[in-house]
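These are my notebook entries on one protein chain, written down in the order in which I looked things up. I wanted to see how the strands are arranged before turning to single residues.

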Amino acid sequence: MSQSDKTETKDNDLGLPTGAEAEDENAGPIIKLCNRLIEDAYTQGASDIHIEPGEDTVLVRYRIDGVMKEQMQLPKTSHRALISRIKIMSELNIAERRLPQDGRILYKKFNPKFDLDLRISTAPMNYGERICARLLDKTKTCPPLDKLGFSEYNMKLYREVLHAPYGLVLHTGPTGCGKTMTIYAALNEINSPEVTIFTAEDPIEYTLPGVSQMQMMKQLGLTFASALRCFLRQDPDIIMVGEIRDTETAEIAVEAALTGHLLFSTLHTSNAPTTVTRLTEMGIETFRLSTCLLAVCAQRMLRRLCSCRQTGAPREDEARLLGRAKDAAPVKQILRPAGCPRCGGSGYKGRTGIHELLRNTDELRTLINKGATAESLKSAARKGGMRTLFEDSMEKVKAGITSLPEALGTARPDDTAE
């Protein structure tokens with residue numbers, strides 16, 4: 001049997017489209033393949049689906065617990081039809097293959113058993129269009145704050161911030177680190193009949209009872225900045241803006257925080273102190289920022305150890321790193337990943353958060369007004385009690401929640417740690 005015959009047999013065993021059906025986006029096998037990719041990703045608990053064309057094949061990978069996992073390889077002949085099918089489902093232009101596009105799939109329209117939304121992003125690459133689909137499970141409820149990995153120390157400080165009458169609270173970190181989920185949990189905690197809450201989101205990931213939520217539509221001119229202007233005429237108490245992407249949104253957000261509103265938003269920065277310098281670089285005056293800023297919470301996600309974990313004594317270099325945690329008490333045993341069928345052999349199952357909470361103080365206000373560097377702000381914040389992402393991750397290792405390699409792969413050791 002030739003190599004091509006072997007490949008075709010393997011594809012048929014998987015139920016993949018072949019022949020003319022592989023090139024028709026309306027063919028039954030292409031429709032089934034697309035549905036299968038989405039439903040398998042949902043069943044496995046994936047957060048994203050990646051469809052990546054190569055020279056001869058199309059690679060499909062899922063992101064599970066923050067780590068990419070190869071799912072299958074498809075024949076290159078099915079690539080264009082598969083992409084077109086996803087574009088049809090997300091109401092994108094199937095004829096446009098040269099420019100990036102963004103869309104959304106309400107999957108319940110295609111299979112009522114799955115109350116699932118997908119955020120679709122296409123990108124033209126050298127071997128064809130690549131797709132990334134973010135899965136949003138509409139059946140999941142927003143977890144409470146105390147289930148998001150906050151240490152007892154950070155939880156106490158963060159809850160104090162939530163009950164401030166007005167000011168700016170920012171969550172920072174890369175895409176997929178749980179910023180929006182944390183803000184949802186915070187809004188749920190402070191939501192009551194006595195307050196009015198508005199959110200501007202892109203997309204709306206979870207529906208919050210008692211909260212007025214607005215979906216952004218850039219094609220119609222409904223942006224975060226225009227939504228904020230609208231909200232300020234609606235007599236809100238608390239506002240959530242999905243992301244501060246530009247100077248206009250930043251200026252309106254600061255103005256809202258200065259005029260008696262508690263405002264939550266997100267920003268893409270690596271840690272809490274650099275958020276201040278990022279906003280000043282966007283053109284926000286230091287005296288306005290120092291006055292309205294309540295807190296910045298930088299965060300990341302760590303994989304949790306599966307129940308199959310193993311116990312072992314820390315090596316000398318491991319003990320030295322663990323000694324740089326805020327609680328420097330030595331540990332005699334740490335847990336390491338093992339691997340079992342439940343965790344797919346990875347040794348990890350589920351994720352938790354680590355946090356770096358910078359609360360504004362009189363000393364920090366003075367430094368912000370002087371235009372201090374991020375290093376100076378970090379040093380002052382640590383003296384005032386801020387625990388860095390690295391220190392929080394070491395505490396998670398000492399508590400047996402995660403492993404040391406996982407923590408080091410997520411948060412870098414602090415340069416200023418002693």
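Before describing a sheet I need one term: two strands pair if DSSP finds at least two bridges between them. I also note that this is a predicted model.

**Entry 1, the sheet.** I looked up the order of the strands and found that 7 strands form an open sheet in the order 9-8-10-11-7-12-15, with mixed pairing. Strand 9 and strand 15 (348-359) stand at the edges, and each has a single partner strand, so one side of each is left without a neighbour in the sheet. On average, neighbouring strands of this sheet are turned by 20 degrees against each other, direction ignored. I then found helix 6 (residues 224-232) packing on the sheet, where it touches strand 8, strand 9, strand 10 (238-241) and strand 11, and the direction of helix 6 makes about 165 degrees with that of strand 8.

**Entry 2, strand 7 and its neighbours.** Which strands run beside strand 7, and in what sense? On one hand, strand 7 is joined to strand 11 (residues 262-267) by 6 bridges, and these two run parallel; on the other, strand 7 pairs with strand 12 (residues 293-305) over 5 bridges, also in the parallel sense. Val-169 shows both pairings, since its bridge partner in strand 11 is Phe-264, while in strand 12 it stands opposite Ala-295. Strand 12 in turn pairs with strand 15 in the antiparallel sense over 10 bridges, and there I noted Arg-303 opposite Arg-351.

**Entry 3, the two faces of strand 7.** In a regular strand the side chains alternate between the two faces of the sheet. I checked strand 7 (residues 167-172) for this and found Gly-167, Val-169 and His-171 pointing one way, with Leu-168, Leu-170 and Thr-172 pointing the other way. Is the strand buried or exposed? I recorded that 6 of its 6 residues are buried.

**Entry 4, Thr-182.** Thr-182 has its place in helix 5 (residues 179-190), and it counts as buried because its relative accessibility is 3%, where the cut-off for buried is under 20%. A polar atom of its side chain lies 2.9 Å from the backbone oxygen of Gly-178. Leaving aside residues up to four places away in sequence, Thr-182 touches Leu-145, Leu-148, Phe-150, Tyr-158, His-171 and Gln-299; His-171 is one of the residues I had already listed in strand 7.

**Entry 5, two helices.** I looked up helix 2 (residues 28-43) and helix 3, whose axes come within 10 Å and cross at roughly 70 degrees, which means that helix 2 is roughly perpendicular to helix 3. Among the residues making the contact are Ile-30, Leu-33 and Leu-37 of helix 2, and Leu-82, Arg-85 and Met-89 of helix 3. The residues of this contact divide into 10 nonpolar, 1 polar and 1 charged.

**Entry 6, unusual backbone.** Most residues other than glycine have a negative phi, and most peptide bonds are trans. I found a cis peptide bond joining Asp-202 and Pro-203, with omega about 0 degrees, and Pro-203 lies in the loop between strand 8 (197-201) and strand 9 (212-215). Asp-65, in the loop between strand 2 (57-64) and strand 3 (67-75), has a positive phi of about 55 degrees although it is not a glycine. Glu-91, in the loop between helix 3 (79-89) and strand 4 (101-106), has a positive phi of about 60 degrees. Asp-65 counts as partly exposed at 21% relative accessibility, whereas Glu-91, at 64%, counts as exposed.

Key. Residues numbered from 1 in each chain as written. Predicted model: local features only at pLDDT ≥ 70, side-chain atom pairs only at ≥ 80, totals over all residues. Heavy atoms only, no water. Buried < 20%, exposed > 50% of the residue type's maximum accessible area, 1.4 Å probe, protein only. Polar contact = N/O pair within 3.5 Å; in protein donor to acceptor, adjacent residues only side chain to side chain. Contact = heavy atoms within 4.5 Å. Axes fitted to C-alpha atoms, helices over the stretch in contact; angles between N-to-C directions. Parallel < 35°, antiparallel > 145°, perpendicular 65-115°, else oblique. Nonpolar A, V, L, I, M, F, W, Y, C, P; charged D, E, K, R; others polar.
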